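Please look over the sequence and the structure below before reading on. The paragraphs that follow go from single residues to the chain as a whole.

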Amino acid sequence: MIPNSAVWLIIFLPVIAFLLNGLVMRPLAKEKSARYSGYITIACIAGSLGLSIWTVASVAGEGAPEFPRQINIHWLSIGQNFDIEIGLLVDKLSAIMVLVVSTCSLMIQIYSQGYMKGDHGYMRFFTWMPLFTAAMLGVALSGNLLFTFICWELVGLCSYLLIGFWYHRPSAATAAKKAFIVTRLADIGLVLALVGIYHSMNDTAVSMGYNVFNIQHLPEVAHAAIIGGFLTTGAFTWILLGIFAGAAGKSGQFPLHVWLPDAMEGPTPVSALIHSSTMVCAGVYLIARVFPLFAMPDGETAALVVAGVGGFTAIFSATMGMVMYDIKRVLAYSTLSQLGYMMLGLGTVAYGAANAHDPAEAAHLMEIGFAIGMFHLFTHAFFKSMLFLASGSVNHATGTFDMRLMGGLRRHQPWTFVVFLIGSLALAGIWPLAGFWSKDGILFYAWENTPWFFWFAMITVFMTAFYMFRVIFMTFYGEFRGGDPLGLPHAGKAEDGAHQEVHPHESPAVMVWPMVVLCVLAIGSGWAVGSLSAVKFLGGEWHGFFAPFTKFEFNAERGLPLLGLMVALCGIFTAYAIYSAQWISNEAIGRLFKPVRTLWYRKYYIDELYEDVLVRGVLMKGVFGALAWFDTVVVDGIVNGAAALGRGLGGVLRKLETGQLQEYGIAMGFGLVVIMAVILIGFHW
């Protein structure tokens, strides 16, 4: 059984790496010793991974349903009824999340040893990365919404620092600000939800002896508050929508998705970490963490919103991924689409549970609900981080992310090609790779509970397979198209970088091996969790730790997995027909569907809508313009008017100050006469 102190260490080991690198290495170490900052980070995160495995073993050994363990530390009290706690919750959900975060982060840190070699910000990079990991581990383990919010904001800060890591590039600085502002706007909804929870449930929670922000007891408190009349269905719905707003911002759900593609301006390992196990996963995890609230009968509307937004984002993002030429942006839109998948899975099961007439069925859906989204998050983390690392390997060899300058790389980078191919097959949902098992669950429960959203998911399956194999055929097949010499890591050191030639080659072992490890996980995690062996390994019975996941086993009688598999194969075949065999002319398709293609390539003009209409039009010229007018005309007018009045009076008085003693004597005499006249008149009266 893992002790409480070891659970805290899962978070604090990366914090120690952050402190050592930030306070010791950066100010004191010389440039040639920079690599030790990477070693410190790797050692600390490896420690977190070891403790995470211990946590999973403890949860599995004790039996997941009985295990939930709360570790609370009282922080401070405000008034008589408001206690602030910092708490951790160890259960199967948090255990599996810390395992994902620490595993992906460790592989990415090792890979970064090669990718960031020679970068002037090497130690700065290894200062922020462990803090980013620690913040996400805090979100994963938090058992209290206030502590979740603290770690949540720390995740946002780290993403800002790492997206803008190369701050001397205007595009990176702009992308960092964009990510920070958009997610802060979304967090307003989360803050309002926390205020709503305190305002409407705190008295009920105190009467029950609970802390109102305790995640484990929140569903019970909410139910009691609704029964007691302290919380209406409408207010409860708004609270849930506020939580979802914060989650949608972090996970890039429509219409708050605009920051995520631009976040590619950061180093590729940062992109891998953001897209696999930290920033964007935080939103999905938050919804999974409070899933019982959405599954309550009064959460029906909010659950439907989650499913609808997720389903729409899945297909909406996939359309843009089909036409992009930047390999990292294709992967970014793929992440948006897959996150939509996860939200769809969570929302659709919550909606089914909220509408279930049989309490046993509702309880069953409550049990399985979080597994729908989290299982896909679990498998997606491995193959998506691998795909991002592989895209970095391609960039390392060619100096570009533009697929139009690549081609034929499978001969030069065989390891990178194999892992990218396996990752793409997993993402497309091809049996027996990890993505097949997790998508199967989402498709099945979407069909069971919200059939109209099932077709959203099925269309997305085709698009996902198409755009991923479009990447493979453009990048790894055909003839090499030259790359970009100016983008090579050594370009800045050459005397005349413009005349260098690109010689694509495989990346060093320190970059290849982490991809291989993630590749093994991308192959095996679906089998391990969805099929046979992991349950016994984790010490549970067939219906033990991963019982909800095992519902997704391949079953030909259901037919849906076969249908999904066939649709994915159709997507792969279409990509092959256009980009490899060239049976269908890509140019002819482009001309035939030019308006649609332009719309997708320009990202539906949503960036222009935000920047030109909302920011420059509504905010700059409207709201801020009105405030500027008020400040200039009213506030400045009052201040300047008072100053002008004082200056005018001063001007009049200044004319009396002539410096002529005769005039002063006349004035004094005149004043004396006036005073005497007033006195005499006063006595007379």
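Where is Arg169 found? Arg169 sits in the loop between H5 and helix H6 (170-208), where helices (H or I, at least four residues) and strands (E, at least two) are DSSP runs, numbered from the N terminus. This is a predicted model, in which local features need pLDDT of at least 70 and side-chain atom pairs count only at pLDDT 80 or more, while totals for chains, interfaces and linings use all residues. Residues are numbered from 1 along each chain as its sequence is written, and side-chain values use heavy atoms, with hydrogens and water left out.

Arg169 is partly exposed, with a relative accessible area of 37%; here buried means under 20% relative accessible area, exposed over 50%, and partly exposed in between (1.4 Å probe, protein chains only). Its C-alpha atom is separated by 13 Å from that of Ala263, although the two residues are 94 residues apart along the chain.

Helix H5 covers residues 145-163, and because a helix is expected to span 1.5 Å times one less than its number of residues, its 19 residues should extend over 27 Å, which agrees with the 26 Å between its end C-alpha atoms. At the start of H5, a side-chain oxygen of Asn144 comes to within 2.9 Å of the backbone nitrogen of Leu146; this fits the definition of a polar contact, a pair of N or O atoms within 3.5 Å in which, within protein, one must be able to donate a hydrogen and the other to accept it, with residues adjacent in sequence counting only if both atoms are side-chain atoms. The buried residues of H5 include Leu146, Phe147, Trp152, Val155 and Ile163.

Two further helices each offer a buried polar or charged residue to inspect. Ser58, in helix H2 (residues 35-62), is buried with a relative accessible area of 6%, and its side chain reaches the backbone nitrogen of Ile2 at 3.1 Å. Arg329, in helix H14 (residues 327-354), is buried with a relative accessible area of 19%. Not counting residues up to four places away in sequence, Arg329 touches Pro261, Asp262, Met264 and Glu265, where contact means heavy atoms within 4.5 Å.

Some backbone geometry also deserves a check. Most residues other than glycine have a negative phi, and most peptide bonds are trans. A cis peptide bond, however, joins Phe254 and Pro255, with omega about 5°, and Pro255 is placed in the loop between helix H8 (233-250) and helix H9 (259-262). Gln582 has a positive phi of about 60° although it is not a glycine; it is found in the loop between helix H21 (560-579) and helix H22 (586-592), and it is exposed, with a relative accessible area of 59%. Tyr604 likewise has a positive phi, near 60°, in the loop between helix H23 (594-601) and helix H24 (606-656), but Tyr604 is partly exposed, with a relative accessible area of 23%.

Finally, the whole chain can be considered. The protein chain has 25 helices and two strands, and its C-alpha trace spans about 120 × 75 × 60 Å along its principal axes. Of its 685 residues, 56% count as buried, and residues 24 or more positions apart account for 78% of the contacts with a separation of 6 or more.
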